Each structure stands twice: as structure tokens, then as C-alpha cells.
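Biologist: I'm new to this one, so could you walk me through it slowly?

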Amino acid sequence: PTAIVVAFLVVGPLAIALVFLSPSFNKKTKIIWATIMIILSIFFAIVTIKATKEIIEYYKIVFGPTTF
């Protein structure tokens, strides 16, 4: 499991393929790990989008609305 967590932190949702190719996990465990990775990926994508929008708003305040 440690290698799967590290792989997820390094390559993100691409690590799902590593989970399904691993012979050390049974089918139920593979589905659980894949579901966790998908949920976390969606969560991190939403957080990144919100943070980017906030940064753009701050830049508009600092540099003026014509820059962006």
C-alpha cells in the first residue's frame, strides 16, 4: 500500500493502472483503492480550480482588471 500511495502522490490518477496491474491485491481491494484515488483526484481538481480563481481575483485587485 505504501508504494501505491507514493505513486498516487507522484503521478496522480495514473496510479490507478498500477493498482489494477498489481497481483498482490484482490478484486475488492483494487476497487476500493481505485475509488479512493478517483474521489481524491476530483477533490484536488476542485480545490485547484477554486484556488486558481481566487489568485486571478487577487491579481485583478492588485494590477487592475485590464491585465487579465
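Modeller: Let me begin with a term: buried means under 20% relative accessible area, exposed means over 50%, and partly exposed lies in between, with a 1.4 Å probe and protein chains only. This is a predicted model, in which local features need pLDDT of at least 70 and side-chain atom pairs count only at pLDDT 80 or more, while totals for chains, interfaces and linings use all residues. Residues are numbered from 1 along each chain as its sequence is written, and side-chain values use heavy atoms, with hydrogens and water left out.

Biologist: Where is lysine 30, then?

Modeller: Lysine 30 sits in helix α3, residues 27-63, where helices are DSSP runs of H or I with at least four residues, numbered from the N terminus.

Biologist: And which side chain of opposite charge is nearest to lysine 30?

Modeller: That is glutamate 54, which is 41 Å away, and lysine 30 is buried yet has no salt bridge. A salt bridge here is a side-chain nitrogen of Lys or Arg within 4 Å of a carboxyl oxygen of Asp or Glu; for charge, Lys and Arg count as positive and Asp and Glu as negative, while His and the chain ends are not counted.

Biologist: What does the side chain of lysine 30 reach?

Modeller: It reaches the backbone oxygen of serine 22, at 3.3 Å. Leaving aside neighbours within four places in sequence, lysine 30 is in contact with Val19, Phe20, Ser22 and Phe25, where contact means heavy atoms within 4.5 Å.

Biologist: What about glutamate 54, is it buried or exposed?

Modeller: Neither, because its relative accessible area of 45% makes glutamate 54 partly exposed. Glutamate 54 also lies in helix α3, and 19 Å separates its C-alpha from that of isoleucine 42, 12 residues apart in sequence.

Biologist: How many salt bridges are there by this rule?

Modeller: The count comes to 1 salt bridge, and in it the side chains of glutamate 57 and lysine 60 meet at 3.8 Å, N to O. Both residues lie in helix α3, 3 residues apart, which is about one turn of the helix. Glutamate 57 counts as partly exposed because its relative accessibility is 41%, and lysine 60 counts as partly exposed at 30%.

Biologist: Changing topic, which residues of helix α1 are buried?

Modeller: In α1, residues 2-11, the buried ones are Ile4, Ala7 and Phe8. They cover an arc of only 100° around the axis, so they are on the same side of α1; the arc is that of the directions from the helix axis to the C-beta atoms. On the other side of α1, Thr2, Ala3, Leu9 and Val10 are exposed.

Biologist: What do the buried residues of α1 pack against?

Modeller: They pack against α2 (16-21) and α3. The largest nonpolar core has 10 residues in all, among them Ile4, Phe8, Ile16, Val19, Trp33 and Met37, and the elements giving two or more residues to this core are α1, α2 and α3. A nonpolar core is a set of buried Ala, Val, Leu, Ile, Met, Phe, Trp, Tyr and Cys residues joined through side-chain atoms within 4.5 Å.

Biologist: Last one: where is proline 23, and is it buried or exposed?

Modeller: Proline 23 is found in the loop between α2 and α3, and proline 23 is exposed, with a relative accessible area of 79%.

Key: A polar contact is a pair of N or O atoms within 3.5 Å; within protein, one must be able to donate a hydrogen and the other to accept it, and residues adjacent in sequence count only if both atoms are side-chain atoms.
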